[in-house]
Amino acid sequence: MPEFNAPLRDMRFVLHEVFHGPALWARLPLLAERVDAETADAVLEEAAKITGQLIAPLNRSGDEQGVLFDNGQVHTPDGFAQAWQTYREGGWVGLAGNPEHGGLGMPKMLAVQFEEMLYAANCSFSLYSALSAGCCLALDAHASDDLKTTYLPPLYSGEWAGTMCLTEPHAGTDLGIIRTKAEPNADGSYRISGTKIFITGGEQDLTENIIHLVLAKLPDAPAGPKGISLFLVPKFLVNADGSLGLRNPAYCGSVEHKMGIKASATCVMNFDEATGYLIGEANRGLAAMFTMMNYERLSIGLQGIGCAEASYQNAARYAQDRLQSRAATGAQARDKVADPIIVHPDVRRMLLTMRALTEGGRAFATYVGQQLDIAKYADIAEERELAQRQVALLTPVAKAFFTDNGLESCVLGQQVFGGHGYIREWGQEQLVRDVRIAQIYEGTNGIQALDLLGRKVVADGGTALAEFTEQIRRFCAVDSPYREPLLSATNALESLSQWLCRQAGEDANAVGAASVEYLQLFGYVAYAYMWARMDAVAEANRMQDPVFYGAKRATAAFFFARLLPRTLSLEASIRAGSASLFSLAAEQF
């Protein structure tokens, strides 16, 4: 049975040595009083215990048992409810939440490390927590003080859980055509009616109440996305004293039968004049919901990294033990009938690809977390605004590139096992099934690519991109063995971006045709920046821990030699334009 051990040494490396988290927190007043290096390390240690010892052991059994839907009720797999109780008592749901309402107020740089552990241990279990944390974020940013006071403390404590209700049977990406309606009541509440699908944790037996955030339209709402409002709809109404009252008519009609994440309840939710409360301004619900969506997009990106890390750990252990054939250079394990498969070049190619992508992703996730912390806590307005622009630019890259690489790494890990990778007992096939959804939900990766190129690059003329590449150029002013390939890749990204901005004015299909390859190219350049920074730290400290820093430098060399060149084919594909995509008539497909 596979095990998961959190990569604490590498997490501390990127958190403390590469991005200097404690130094940043010390100059941000609200964080300075909450967290320092010792606190962060203690959080990581405890997180490693709870994910590795409590949650990971439920991963396979939860997948095999799945959720049970019985007469409108959802029962999670054996052990989930007990694990949730322990999990919530530790305050993990509110780890980065607002302390004014019961959260712990930890920095996002630290929270991304924990979320990665959680996904690596058990994707299904982690989703119940992730949706609650995102729900809290939206409420804290947009809800009235009364709603915050009533709902945030029990959500942060894990006594209640949250959901996000956007999608309808006919409306996925195009939310402007949703049909769920909201009719005002005399007391200021609303009657919410409609059906939502694909609702993670829409019904479950882990918490005593479930708080749904529901997109709906008021009777006089404008057409399209500008007519969407956001409402809080509790499973049980809440009395003035905070106790639970009447059951609200918000019911689960069924659960989906899925390829993976089978222990996560994916529900069809029916709202039949359920009582709801407006969050924020009328007809501005999509903007409020995107506060949660952007959180979830980074979180789901971390699902890709977490699954990749679990896959790598399994495959690396197997490659050390599995005996097959002899090394091309001659027998390495002369006392055995064959050599471990780690000696074979192709196995090393797969393992190093997984390692380079996963460790590069961990660094980039920490970097995005750093920008989120600056955007939220910095005293200087210009610093906050710059960080906010970087978060907007980099979030679609994080969601899509992390999850694309997550699937690649899980498939490679399965391939290392050969036929055993296709067998349930080794855990690799479950990782492939579980990680696959991450490229689809919270906005498909194709939509993330359109957002990046169309909205974040072309629409602003590449301003935010230029701010990101300027950081890379400042780094390249220092001596680095990877200065030239990093600068070359950065120059190619900038040149290509400028070309695409021009093409977008001439060809309506230019953005859509180039967007996916463009996001991939952007991702490799971002990872190259991360690897050059990590290599610089490893080189400076190589004598202190030759094994760890030596491995870091060797993996950096592999990334620049074997993975960064993927940008060359991506650029060629992009510059080919959109014409070949439309040379076939629709009826010819």
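**Strand pairing, burial and backbone features of the chain**

In strand β11 (residues 266–279), Ile279 is the bridge partner of Leu230, strands here being DSSP E runs of at least two residues and helices H or I runs of at least four residues, both numbered from the N terminus. The model is a predicted one, in which local features need pLDDT of at least 70 and side-chain atom pairs count only at pLDDT 80 or more, whereas totals for chains, interfaces and linings use all residues. Residues are numbered from 1 along each chain as its sequence is written, and side-chain values use heavy atoms, with hydrogens and water left out.

The bridge between Leu230 and Ile279 belongs to an antiparallel pairing of β7 with β11 that extends over three bridges, where two strands are said to pair if DSSP finds at least two bridges between them. Strand β7 (residues 229–234) is also joined to β6 by six bridges, and these two strands run antiparallel; within this pairing, Val214 has Phe231 of β7 as its bridge partner. Strand β6 pairs in addition with strand β3 (residues 160–165), in this case in the parallel sense and over six bridges, with Ala161 standing opposite Ile210 of β6.

Burial was assessed from the relative accessible area, with residues under 20% termed buried, those over 50% exposed and those in between partly exposed (1.4 Å probe, protein chains only). Because six of the six residues of β7 are buried, this strand is largely enclosed by the rest of the structure. In a regular strand the side chains alternate between the two faces of the sheet. For β7, both faces are covered, with Ser229, Phe231 and Val233 buried on one side and Leu230, Leu232 and Pro234 buried on the other. Strand β6 (residues 209–216) is likewise mostly covered, eight of its eight residues being buried; one of its faces carries Asn209, Ile211, Leu213 and Leu215, while the other carries Ile210, His212, Val214 and Ala216.

At the level of the whole chain, the secondary structure comes to 19 helices and eleven strands. The radius of gyration, taken over C-alpha atoms, is 24 Å, which agrees with the value near 25 Å that a compact globule of 589 residues would have, the globule rule being 2.2 Å times the number of residues to the power 0.38. Along the principal axes, the C-alpha atoms fill a box of roughly 80 × 60 × 60 Å. Buried residues account for 57% of the 589 residues, and the accessible surface comes to about 23,600 Å², of which 53% belongs to carbon and sulfur atoms, as obtained by the Shrake-Rupley method with a 1.4 Å probe. Of the contacts (heavy atoms within 4.5 Å) between residues at least 6 apart in sequence, 74% join residues at least 24 apart. The mean positions of the 50 positive and 67 negative charges are 5 Å apart, with Lys and Arg counted as positive, Asp and Glu as negative, and His and the chain ends not counted; each charge is placed at NZ of Lys, CZ of Arg, CG of Asp or CD of Glu.

Two helical residues were examined individually. Val525, in helix α17 (residues 510–540), counts as buried at 0% relative accessibility, and, leaving aside its neighbours within four places in sequence, Val525 is in contact with Ile472, Leu486, Ala489, Thr490 and Leu493. The C-alpha atoms of Val525 and Leu564 are 7.5 Å apart in space, with these positions 39 residues apart in sequence numbering. Ala375, in helix α11 (residues 345–377), is buried with a relative accessible area of 14% and touches Arg384, Ala387 and Gln388, not counting residues up to four places away in sequence. Ala375 and Ala240, 135 residues apart along the chain, have C-alpha atoms separated by 35 Å.

Positive phi values in residues other than glycine were found in loops. His20, in the loop between α1 (8–18) and α2 (21–27), has a positive phi of about 50° and is partly exposed, with a relative accessible area of 45%. Asn71, in the loop between β1 (68–70) and β2 (73–75), has a phi near 55° and is exposed, with a relative accessible area of 73%.
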